[in-house]
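Below is a colleague's note in numbered points, to be read alongside the coordinates. The points take up a surface patch, some backbone geometry and a contact between chains.

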Amino acid sequence: MELYVPILVLAVLAAGFAVFSVTIAPFTGPKRWNRAKLDAYECGIDPTPQPVGGGRFPLKYMITAMLFIVFDIEIIFLYPWAVAFDQLGVFGLVEMVLFIVTVLVAYAYVWRRKGLDWD
Amino acid sequence: MNNTFQAPTIEYGQLAPLLLVFGAAVVGVLIEAFAPRYLRKSFQVPLTFVSLLGAFALILVQVFVSGVPTAPAAMGAVAVDGPSLFIWGVILILAAVSVLLITDDDHFVPQAAAVPGSAEEDDALAEGAAHTEVYPLVLFAVGGMLLFAASNDLLMMFVALEVMSLPLYLLCGLARRRRLLSQEASVKYFLLGAFSSGFFLYGMALIYGFAGTVDLAGISRALGTVSGQDPLLLIGTALLGVGLLFKIGAAPFQAWKPDVYQGAPTPITALMASGTLVAAFGALLRVFWVALGNLDWDWRPVMWGVAILTMVLGAILAITQTDIKRMLAYSSIAHAGFLLVGVIATGDARQNADALSGILFYLLVYGITTVGAFAVVTVVRDAGGEAGHLSRWAGLGKRAPALAGVFAFFLLAFAGIPLTSGFFGKYAVFAAAATGGALPLVIVGVVSSAVAAFFYVRVIVLMFFSEPAADGPTIAVPSMGTAAVVTVAAAATVVLGVFPEPVLRLADQAASTLFIR
Amino acid sequence: MEPAEIFPHSGGVIGVSWLMIALPLLGAAILLLGGRRTDRWGHFLGVAMSLASFVVGVLTFVELLGLGEEQRRRVVELFEFIPGMVNMGLLVDPLSISFVLLITGVGSLIHIYSIGYMSHDPGRRRFFAYLNLFVAAMLLLVLADNYVGMFIGWEGVGLASYLLIGFWQHKPSAATAAQKAFIVNRVGDFGLLVAMFLIWTTFGSFAYGPVLGAAGDANVPATAIGLLLLLGACGKSAQLPLQSWLLDAMEGPTPVSALIHAATMVTAGVYLIVRSGAFFQAAPTAQLVVTIVGVATLLAGAIIGTAKDDIKKALAGSTMSQIGYMVLAAGLGPIGYAFAIAHLITHGFFKASMFLGAGSVMHAMNDEVDMRKYGGLASVMKVTWATFGLGYLAIIGFPLLSGYWTKDGIIEAAMEHSPILGWLAVIGAGLTGFYMSRVFFMTFHGKRRWAEDAHPHESPAVMTWPLILLSIGSVFGGAFLIVGNRFMTFLSPAVGAPEEPLGFHPFSVPGITTLVLVAIGAGYAWTKYGRSEVPAVAPRGSFLTTFARRDLYGDALNESLFMRPGQWLTRLAVFFDNRGVDGLVNGLAAGIGGSSGRLRRIQTGFARSYALSMLFGAAVVAGALLLVGNL
């Protein structure tokens with residue numbers, strides 16, 4: 001049971017922090033409203049719905065963010081390998097190359113499908 | 001730091017079916033990237049079939065030539081044992097059959113990103129655009145299913161769960177007609193799926209905290225060393241169970257099923273209702289029998305409750321459905337309940353093998369019949385696409401006797417009428433459960449089957465004894481693929497109903513070794 | 001005495017006894033597949049097939065009689081049905097042949113009668129096809145030499161019954177009644193199915209020979225099998241608590257009520273219990289439950305019969321009650337088997353004759369079924385009056401007529417077993433005297449209370465001749481079977497016989513009491529319905545009358561026990577699932593209307609409630625595990 005005490009403490013702390021910050025923010029924060037601030041998500045892009053008759057809305061931010069996550073994860077995997085690459089030897093190298101190639105396939109797809117073009 | 005890593009060993013031979021499917025999926029992505037638009041489909045379709053059938057052939061080689069492995073592969077992360085190989089075979093067959101349905105472009109949206117009803121969508125339609133990404137997505141999902149059913153540690157299982165689910169979330173949103181419904185299904189499936197993944201992950205964390213390992217065998221060993229019940233182990237078990245029960249659609253985690261099955265493109269629904277269910281049962285069995293087998297006195301009563309609720313809820317709710325796909329979804333919930341009866345029927349090794357063999361056989365026959373039934377659904381159409389509303393099916397027996405007859409036959413198989421494959425599936429599971437001391441559960445199962453039989457028969461009566469609607473649906477001429485699916489499924493349902501012996505024996509053999517640890 | 005051994009058989013008429021099933025089946029196939037082309041002569045084909053089956057049955061019977069008494073159980077192997085599990089064959093023995101003669105004999109008469117009764121119905125060909133289908137299935141039920149074959153026949157008669165109750169689909173009440181019969185029967189069927197699973201896992205066989213031969217072994221779950229079989233029997237034979245469908249089944253055409261819901265199909269449960277007697281003899285508890293069910297139903301049926309104004313429903317209540325007698329007798333073991341089957345046969349005659357008589361009356365009265373609108377019909381419908389009257393006298397047990405012998409036998413046997421059962425059966429007999437007299441007097445005697453446009457007339461010969469033939473059976477059948485224990489001796493190789501057969505005591509205390517009670521019941525009915533005025537609208541009546549009119553609240557009970565919880569569950573689920581057609585339409589409308597707020601509210605609202613239900617479920621699962629883990 002004692003093993004879990006730190007977890008419980010962490011859970012209480014996390015919940016406490018969340019509740020605290022949500023409740024305190026309206027009282028302490030400055031309130032200077034403008035139109036952009038009132039938009040959903042404050043991201044400067046008009047939220048849906050689009051003009052009548054449809055239309056596409058830009059996903060540029062999201063695609064970039066998703067690509068970032070892909071490479072982020074790749075780096076996370078590279079760290080442990082970097083720490084222990086001499087013990088893992090050729091096996092580690094081959095596996096890592098395979099992994100990077102797989103990620104590059106996704107990258108190639110995004111690139112070929114014009115996911116990297118801003119306009 | 002005396003970190004002396006051992007380079008892990010990986011049994012590529014055992015994992016070859018998995019690697020082939022995943023490899024083909026990656027190649028599929030490359031095709032999407034580099035092949036010209038008009039050539040993509042003619043690359044993707046053969047690639048998909050070759051990889052699925054090739055993987056199936058590799059399984060046959062393992063079963064009949066090189067022998068079923070006796071120890072887990074990849075440092076204990078993946079267990080390629082008898083049940084795994086059987087489940088892999090089933091998943092690959094079901095996937096190949098579903099892909100036959102998928103090759104019919106008419107089910108998928110030309111431009112998924114276009115707002116429904118917009119000018120862009122019309123343009124894409126006129127242009128004849130198509131998302132051939134469907135094929136690599138299906139392959140990724142199938143690869144995830146294969147891995148999910150064979151994972152021997154929780155971490156691998158979680159990765160497999162996500163690899164299986166993420167493509168399916170996308171595929172659900174690609175229906176050509178009734179776009180809003182399809183997108184809604186996709187978002188809902190994603191939200192609730194993510195929610196259930198959270199449960200799974202949290203349960204995994206708690207169990208890791210208890211056992212100090214995510215290895216299924218290791219958890220089992222850790223269970224053997226404790227006396228008394230650690231509440232956090234129990235909560236971990238519960239949360240892990242919730243994640244898995246969500247995937248099979250057991251009550252009270254079934255809410256997504258009708259909405260998603262209805263909204264998704266029907267070939268994808270067929271894949272989900274058959275393949276995902278098979279894979280999820282593989283994983284569920286592995287977690288509860290291998291890792292938590294020593295805890296069965298604790299989880300079994302709860303599983304009893306879940307099974308009863310699932311069977312009863314599925315059967316009763318199906319009665320009030322007016323949409324054919326929703327009805328099949330509730331029927332799928334009820335069947336998940338019947339299968340859970342088998343999961344509970346544990347006992348000694350012999351008993352476990354019997355129950356497992358019953359479940360394996362049930363999964364195969366239910367999966368095939370399900371794909372067949374959804375294939376029929378794709379053919380009955382009216383102006384707005386598939387004629388989902390049951391009233392539109394009235395008098396179908398007069399318009400298309402052969403098709404209605406086949407569908408009625410599938411429904412009878414769902415109901416478990418003798419001389420259909422469904423009978424032996426149910427019999428195998430219920431008999432194992434009855435000898436395993438779960439007789440009350442079997443009785444609930446039989447009574448729910450009776451209720452379920454009522455709504456199956458109601459549809460049959462509707463098709464054959466009602467006057468056809470004046471502007472009833474047209475019966476589209478089925479594409480080669482669809483016709484093949486209906487034929488294969490009907491033939492399998494007959495053959496397995498009249499002469500189930502060889503396949504039953506195969507399931508017995510696969511189950512005889514039980515899960516390796 | 002134990003049942004005789006079963007011998008394989010080939011050749012002779014018995015060797016081709018499968019023709020009995022094949023001929024009507026062929027008839028049904030021709031009529032259904034032939035379509036309109038067979039409209040003109042279809043009914044004749046139906047009658048011919050039924051008669052041919054009867055002829056084969058009689059020849060089989062004669063050949064069987066030619067064999068020595070201990071040789072009279074013959075199995076005709078037909079084909080391997082499910083490899084390694086079921087070999088299909090026919091068991092021709094005294095029990096099955098008794099049923100065969102009843103089914104084909106009475107069945108043929110009812111076929112003939114239907115020519116007249118259905119002459120104005122555009123669906124006559126279809127009707128005969130279903131009738132033939134029924135005969136074939138019923139014969140399979142009684143002739144199969146294993147439980148699987150019996151079950152196929154069992155489902156076949158269920159199907160035919162369903163099709164025939166709902167024959168007049170345009171009447172919503174008929175469609176509902178058909179569905180009700182279907183659902184209630186499913187409950188019974190699944191009892192039967194589970195019993196069959198148990199039989200298979202215990203014996204590794206479905207054939208009567210090996211299964212029943214070993215039924216008395218120590219490790220056999222005979223009580224469970226017996227009770228499950230009883231559940232099956234209750235569904236098919238409209239015994240408590242699965243009785244509710246039979247009264248509604250009267251929506252079908254009257255010949256159907258006569259054949260299926262009086263003479264044959266509803267007695268399948270009695271057949272099942274007698275055939276599986278070995279299980280019940282090994283399980284006294286199951287036997288006790290059988291007798292209790294029988295007595296409870298015979299009283300409930302009689303009470304319902306006293307209050308119904310619809311002539312067919314009154315007769316249906318009486319059918320329930322009489323089958324209750326048979327089930328009671330079947331629960332008594334070998335001492336009662338012969339009486340159960342004998343009563344079944346005589347009941348087949350007199351109840352069919354009365355149902356057909358009722359049909360004849362309805363035919364004459366523009367399909368009026370309310371007995372309060374009858375009265376004084378005796379003078380215009382002499383033949384119907386006479387035949388119905390003989391059936392009526394037979395059922396109340398008028399001395400020397402059929403019912404007297406068989407019902408008295410059952411009462412005596414029950415008395416022997418337990419005086420409580422016996423006296424309850426006596427009370428039932430008294431009630432029978434009252435309610436059947438009520439039906440008879442209200443219909444044929446007293447003042448004419450006809451509707452303005454009613455011009456009753458006697459039915460055509462094609463309808464009256466079957467009535468006359470049936471009433472011969474209702475007069476002499478009982479004496480023929482019972483006097484000198486003739487039927488018990490004949491039946492004993494098939495079902496065994498008691499150590500010492502029950503003597504016939506016409507002047508025993510129960511016998512006299514029965515007669516007195518019947519006389520009082522009939523007399524009271526005469527004063528109330530024969531001599532005095534019968535109001536055209538049923539008076540409100542006491543609490544008891546209402547109770548009986550509402551079928552003892554059987555439907556209300558079903559509703560609150562099964563339907564309500566079901567609906568409640570459905571509603572609960574709809575809370576998480578109000579996404580049927582309405583939700584879809586709403587969702588679409590909102591999307592197209594561009595009312596994003598509403599759309600968002602609907603979408604996130606539902607996903608949220610799903611997630612909430614998941615969270616709730618997860619909490620319950622975790623809580624339950626904790627609870628179990630700490631027990």
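1. A patch, as the word is used here, is made of residues with over 30% relative accessible area and no salt bridge, with nonpolar side chains joined within 5 Å. In this structure, which is a predicted model, one such nonpolar patch covers about 590 Å² and is made by B:Leu60, B:Val61, B:Val63, B:Phe64, B:Val65, B:Val68 and B:Leu506.

2. As to where these residues sit, helix H2 of chain B (residues 37–66) contributes the largest share of the nonpolar patch, with five residues, while B:Val68 belongs to the loop between H2 and helix H3 (82–102) of chain B.

3. Two backbone features in chain B deserve a look, given that most residues other than glycine have a negative phi, and most peptide bonds are trans. B:Arg178, although not a glycine, has a positive phi of about 50°, and this residue lies in the loop between helix H6 (154–172) and helix H7 (179–211) of chain B.

4. The other feature is the peptide bond from B:Ala251 to B:Pro252, which is cis, with omega near 0°; B:Pro252 is found in the loop that runs between helix H9 (231–248) and helix H10 (256–263) of chain B.

5. Turning to the contact between chains, 44 residues from chain C and 52 residues from chain B take part, and the area buried between chain C and chain B is about 4300 Å², with 80% of that area given by carbon and sulfur atoms. Between chain C and chain B there are zero salt bridges, and the count of residue pairs in polar contact is two, both at pLDDT 80 or more.

6. Which elements of chain C supply the side that touches chain B? Strand S2 (74–82), helix H6 (147–165), helix H7 (172–203), helix H24 (554–577), helix H25 (581–593) and helix H26 (596–629) of chain C each supply at least two residues, and H26(C) gives the most, with 17 residues. By class, this side of chain C has 30 nonpolar, 11 polar and three charged residues.

Conventions. Residues are numbered from 1 along each chain as its sequence is written. Chains are lettered from A and ligands numbered from 1 in the order in which they are written. This is a predicted model: local features need pLDDT of at least 70, side-chain atom pairs count only at pLDDT 80 or more; totals for chains, interfaces and linings use all residues. Side-chain values use heavy atoms; hydrogens and water are left out. Contact means heavy atoms within 4.5 Å. Buried area is the accessible area (1.4 Å probe) that two parts lose on being put together, summed over both. A salt bridge is a side-chain nitrogen of Lys or Arg within 4 Å of a carboxyl oxygen of Asp or Glu. A polar contact is a pair of N or O atoms within 3.5 Å; within protein, one must be able to donate a hydrogen and the other to accept it, and residues adjacent in sequence count only if both atoms are side-chain atoms. Helices (H or I, at least four residues) and strands (E, at least two) are DSSP runs, numbered from the N terminus. Ala, Val, Leu, Ile, Met, Phe, Trp, Tyr, Cys and Pro count as nonpolar, Asp, Glu, Lys and Arg as charged, and the others, Gly among them, as polar. Patches are made of residues with over 30% relative accessible area and no salt bridge: like charges are joined within 9 Å, nonpolar side chains (Val, Leu, Ile, Met, Phe, Trp, Tyr) within 5 Å. Accessible areas come from the Shrake-Rupley method with a 1.4 Å probe; for residues, only the protein chains shown count as cover.
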